[in-house]
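Student: I'm new to this structure and would love a close look at one part of it. Could you take me through it slowly and then show me how it fits with its surroundings?

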Amino acid sequence: MEWLRSLILPAQGSPYAAQVDTFYMFLVWLSVFFFLLIAGVAVYSVIRFRHKPGDVTPHWTHNNKLEFAWTVIPLAILMVIFVWGVKGYMEAAVPPGDAQEIRVTAKKWVWQFEYPDGTRAINELHVQVNKPVKFVMSSEDVIHDFFVVDMRVKHDILPDRYTEIWFNPTVVGKHHFECAEYCGRGHSDMGGTLYVDDDASYQKWLETGGVDASIPLDKLGSMLYESKGCSSCHTIDGSPSQGPSWKGVFGHPVQLSDGRTVIADENYIRESILVSGAKIVKGYDNIMPVFQGVLRQREVDGLVAYIKTLGNK
Amino acid sequence: MADVISAPFHAGTTPVERRNYLTEPKGLWSWLTTVDHKRIGIMYLISVMAFFLVGGIFALLIRLSLFDPSHVILGHKMLDAETYNKVFTMHGVIMVFLFIIPSIPAALGNFVLPMMLGAKDVAFPRLNLASFYIYWAGAALAMVAIVTGGVDTGWTFYTPYSTSTDTSVAWMAMGIFIAGFSSIFTGLNFIATIHKLRAPGMGWFDMPLFCWGMYATALMQVLATPVLAITLLLMTIERLFRIGIFDASLGGDPVLFQHFFWFYSHPAVYIMIVPGMAIVSEIIPVFSRKTIFGYRMIAFSSIGIALIGFLVWGHHMFVAGQSQTAVVVFSFLTFLVAIPSAIKVWNWLATMYHGSITLETPMLYAISFILLFTIGGLTGVFLGALSIDVHLTDTYFVVAHFHYVMMGGTVMGFLGGLHYWWPKITGRMYHERLGQIAAALVFIGFNATFFPQFIMGGQGMPRRYYNYLPQFQPMHAFSTVGSWIIGAGLFLTLGYLLASLRKPYDAPDNPWGGKTMEWQTQSPPLTENFEVQPVATHGPYDYFPVGTH
Ligand SMILES: [Cu+2]
Ligand SMILES: [Cu+2]
């Protein structure tokens, strides 16, 4: 019966999807049976008991046994279906303890995904094959709904609370996700691609952060200046903030709080970013967070290149 | 004992021009100020048919726009995304609130219910007229909403979208708020009428089953509609005065809106389908010339649906953010409420079995109802089953499911009833052969339109989508062609029904051989319905030879 399943249901991306499909196909055949039974009796009656002059029809008003049977038998079947449905639902409701967590933020009309290591991606989702993954979701505006078709899971995303879904992707390749709760003009375009990667390509994707390697380093740096929050303490126009401005730093001498003076070269900048407490600039407090382990190699390179371009201004 | 077909079919007294409710008193003013339930029923009938036409044109536009993912038909760009969203919203709002809900109770029910009970009128004739004008006041506000930019929330008005969009939501909400009162008034009137105005000798279990269906519907209208009114009012207050009730950014709870909305709108589903079932329960025995099987079970199942129907609203919210316990309980209750509906289907089949069946247009619609409602009901089982609903909810599967119930069920029942009582209402017979052809067209077109939507939904096509993946194009195109076939069938119906009005009265008093009381008076009836107060001497479905009972 696989031919029928693959005709009426989408591809299966997880063992759970296969379970749902088995249940679905059971209901399809059950429905076909009952439809044929009901339509059969109706059509048979229309043909066999067509009006003829002089017809006499029996005066059957009721039959308790028959009516009991056709109440209780469907009820019993429905109870089986109820329990089967609850079983599947409960399984989909509780993620395994070791599931990876991805934060999903939905807003009109984009998806934003954030990984535990701080990697962010827009409308593009990468997960590792055979590793259960859990999504913790919230909305910034109206209600949306995260629907991963091939995993047979979906859940609404609300503005005032977190909701969760999880799945265990077992089929490497591209799948589709979409918004299933009406959210206005761009609702039907609010979709994206789910890549289930094998271990190697998943690691590679994490290293590059999903950022296109073709972006020039200084351009990347200027993007990270905003997205990594540097801009909340550093300006690029020379005005002081919680931290020194980046304007005119590179290539020039810097006074440190311990009285030494150093030339701000690549190594100094790199060290200041990763472990800023190593050398404190005179007149400032040691409040800058440690970025060691948070920024990727290429990202550090990008920031250094960006600060370099501000050096001569 | 056996039921013998007493009178030869289609026979009756030869119709002559007699005084009747249509011709006296004369003049437009006498119509607009009438308190005659039959005239109010006709005014309602014309109104709901007009909105059926408007809602239907919106439906054809939706389908046309989805014919191709490019939205280009014959070189014309059909709708843009924003217009599309408004069109499907207006289709839903008009069909639900201005067509289906009043269609059977307020239009056909108003006309036949008092006559079926042997009464002169409903219990509160002026309240009945008030209901009609309130309906129009609501409809007028809805029209204002449409011409002042339309509404793009979907008929469900979910917050916070509905409180943040800049379309005419407040006008529309007030329109529905007001129209709701017309529904409550009709319900009140029917409850009182059924309690107090039954003919001498007619006990509760001697009433035609249509009256039981109307009674169950009226209970739901009276108990559920106020909740919708409150909900829409709160939403409008939030929208206008920024008071946080449902909007999270103002400190409200968006899921609370959904609970309120579905607390009305699930019973509303039954407000729509129970009257359809009630009509089928009349048509099947008459055209099978056999007494109804399981009268009490059908009557009680209507009441059962009305009661359990209040406890299942959460099945619209399995993935919306309610507790898992609530989800499981609502799933359980949903399976329970399926049983009374199933019982009715078995009873109708048992009534047809060993009957003496003819297939005039009303019977064709009744059989269509049974077949389509069965599909609607069986696919409802899919949606009640939790793990499957998680996949199917908010997809085209749901769209197909509720169209099979609302259109395949209620609208088929309405059309069946319209043809069944047309001779009584107008005093004219419509063209029978054309009626059968139109019924066949509607049946075929309906399945062509909506069956592919089950498959698309199962494959993951979300509802309310303007753009869609190219893989769905063939099925969308097929569905669109189906909508044209439905359209052809319905326009044909409109044509031959209007044409029949040009003829002189030619309908017999009892063209189908029915045993309920509305067939005992002339066609069209007198203003006071019966010349003398009728007395119930036999059951509504007793096909005995005349005089032997
Ligand atoms: Cu959306
Ligand atoms: Cu419901």
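Student: Which residues are the protein donors of the copper ion (ligand 2), and at what distances do they lie from it?

Tutor: Happy to! First, a word on what you are looking at: this is a predicted model, in which local features need pLDDT of at least 70 and side-chain atom pairs count only at pLDDT 80 or more, while totals for chains, interfaces and linings use all residues. Residues are numbered from 1 along each chain as its sequence is written, chains are lettered from A and ligands numbered from 1 in the order in which they are written, and side-chain values use heavy atoms, with hydrogens and water left out.

Now to your site. The copper ion (ligand 2) has three histidines as its protein donors: B:His266 through ND1, and B:His315 and B:His316 through NE2, lying 1.6 to 2.1 Å from it. A donor here is an N, O or S atom within 2.8 Å of the metal (3.2 Å for Na, K and Ca); water is not among the atoms, so sites may look incomplete. Along the chain these donors have the spacing H-x48-H-H. B:His315 counts as buried because its relative accessibility is 16%, whereas B:His316, at 25%, counts as partly exposed. The cut-offs are under 20% relative accessible area for buried and over 50% for exposed, with partly exposed in between (1.4 Å probe, protein chains only).

It helps to set this beside the copper ion (ligand 1), whose protein donors belong to chain A: A:Cys179 (SG), A:Glu181 (O), A:Cys183 (SG) and A:His187 (ND1), at 2.1 to 2.6 Å. Their spacing reads C-x1-E-x1-C-x3-H. The 4 donor atoms around the copper ion (ligand 1) subtend angles of 87 to 131 degrees, so the arrangement is tetrahedral (four donors with all angles between 85 and 135 degrees). Of these donors, A:Cys183 and A:His187 are both buried.

From the metals, let's move to where the two chains meet. Here 91 residues of chain B are in contact with 80 residues of chain A, contact meaning heavy atoms within 4.5 Å. About 7300 Å² is buried between chain B and chain A, and carbon and sulfur atoms give 70% of this area. Buried area is the accessible area (1.4 Å probe) that two parts lose on being put together, summed over both. On the chain B side, B:Phe293, B:Trp346 and B:His391 supply 10% of the area buried against chain A, more than any other three residues.

The rule finds 2 salt bridges across this interface; a salt bridge is a side-chain nitrogen of Lys or Arg within 4 Å of a carboxyl oxygen of Asp or Glu. The side chains of A:Arg161 and B:Asp253 form a salt bridge, with 2.8 Å from N to O. Helix α10 (residues 324–352) of chain B gives the largest share of the side of chain B that touches chain A, namely 16 residues. Helices are DSSP runs (H or I, at least four residues), numbered from the N terminus.

One last stop is B:Ser387, in helix α12 (residues 386–392) of chain B. With a relative accessibility of 2%, B:Ser387 counts as buried. Several residues of chain A touch B:Ser387, among them A:Tyr16, A:Phe23, A:Trp84 and A:Tyr89. So that is your tour: from the three histidines at the copper ion (ligand 2) to a chain B serine that touches chain A.

Methods:
Four donors count as tetrahedral if all angles lie between 85 and 135 degrees; four count as square planar and six as octahedral if opposite donors are over 155 degrees apart and all others between 65 and 115; anything else is irregular. Helices (H or I, at least four residues) and strands (E, at least two) are DSSP runs, numbered from the N terminus. Lists of a residue's contacts leave out its neighbours within four places in sequence.
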